[in-house]
Amino acid sequence: MKAMILAAGRGQRMMPLTQNMPKPMLKVAEKPLIEHHINNLKAAGITDIVINLAWQGDKIKDYFKDGSQFGVNILYSQEVEGGLETAGGIIEALPLLGDSFIVVNGDVYTDYDVSALMQLHLQPGEAHIVLIENPPHNPDGDFALSHLSAESQKYTFSGIGRYQADFFKGLTQGIRPLGPILREKLNEHLVSTELYIGQWDDIGTPERLNQLNTRLEA
């Protein structure tokens, strides 16, 4: 199975740290954030990885190259300046991803074991996403658990999921966020969910990055 790491975002809220550096290359525990994802994927047995690039993407490519020195094989999906949003980036990279694949946001830090996603038996057109308890910056959450009503307690989308390629069938290339697609497909019972209680941090601001590094150093 292949995996995609979403790494094309501009990282405006991380300025000035992202003035000349893509957010996934910011250091967490003395390593680029995206390197933790690559190590986690490799530990789960996933060695074919696609990374999408836009803002300062050459910094990622120059550091990881073809991935061989990290024990993986990396292909890059180059996007237009400004990027294509989450779903747009996935759709652009579909020719590189195969029939079923895992996607991880490059700007989160987590110890979630993606090998659990590899064991799922998804039907054509389906997806499975991982939710987490709502962090302070998103108190209202994003999605209810799929076996409950849409009006139930909502949790936050972790940015981790597994998708069948034809989940995106009929969607044209271009700038396209993932959230509205997930909501529509949840209503059609094509998306299953799970709630993960464990290490997860969204590196959305310099303050959150500092807080995470302080905790990891403790």
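## Strands S4 and S5

In this predicted model, Ile51 stands opposite Tyr76 in S5. S4 and S5 run parallel and are joined by six bridges. Between these strands the chain passes through H2, and the resulting β-α-β crossover, from S4 through H2 to S5, is right-handed.

## Nonpolar cores

Ile51 is also among the residues with the most contacts inside the largest nonpolar core, together with Ile38, Ile49, Ile60, Phe64 and Ile74. This core has 29 residues. Two or more residues come from each of strand S1 (2–6), helix H1 (33–43), strand S4 (48–53), helix H2 (57–64), strand S5 (73–78), strand S6 (100–105) and strand S8 (127–132). S4, H2 and S5, the elements of the crossover, are thus named among the contributors to the core.

Leaving aside residues up to four places away in sequence, Ile38 touches Ile5, Ile49, Ile51, Phe64, Phe70, Val72 and Ile74. A second core, separate from the largest one, has 25 residues, including Met4, Leu6, Phe167 and Leu186.

## Internal cavity

Searching the whole structure gives one cavity of 30 Å³ or more. The space in the largest cavity is about 50 Å³. Its lining consists of His37, Asn40, Leu41, Val104, Thr110, Tyr112, Val114 and Ile160. H1 supplies three residues to this lining, the most of any element. H1 also gives two or more residues to the largest nonpolar core.

Conventions
Residues numbered from 1 in each chain as written. Predicted model: local features only at pLDDT ≥ 70, side-chain atom pairs only at ≥ 80, totals over all residues. Heavy atoms only, no water. Core = buried A, V, L, I, M, F, W, Y, C linked by side-chain atoms within 4.5 Å. Buried < 20%, exposed > 50% of the residue type's maximum accessible area, 1.4 Å probe, protein only. Helix = DSSP H or I, 4+ residues; strand = E, 2+ residues; numbered from the N terminus. Contact = heavy atoms within 4.5 Å. Pairing = 2+ DSSP bridges. Right-handed = clockwise from strand over helix to strand, strands pointing away. 1 Å grid on protein atoms, 1.4 Å probe; cavity = no way out; pocket = protein on both sides within 12 Å on 5 of 7 lines; lining within 4 Å. Points joined across faces, edges and corners; volume = space filled by probe spheres on them.
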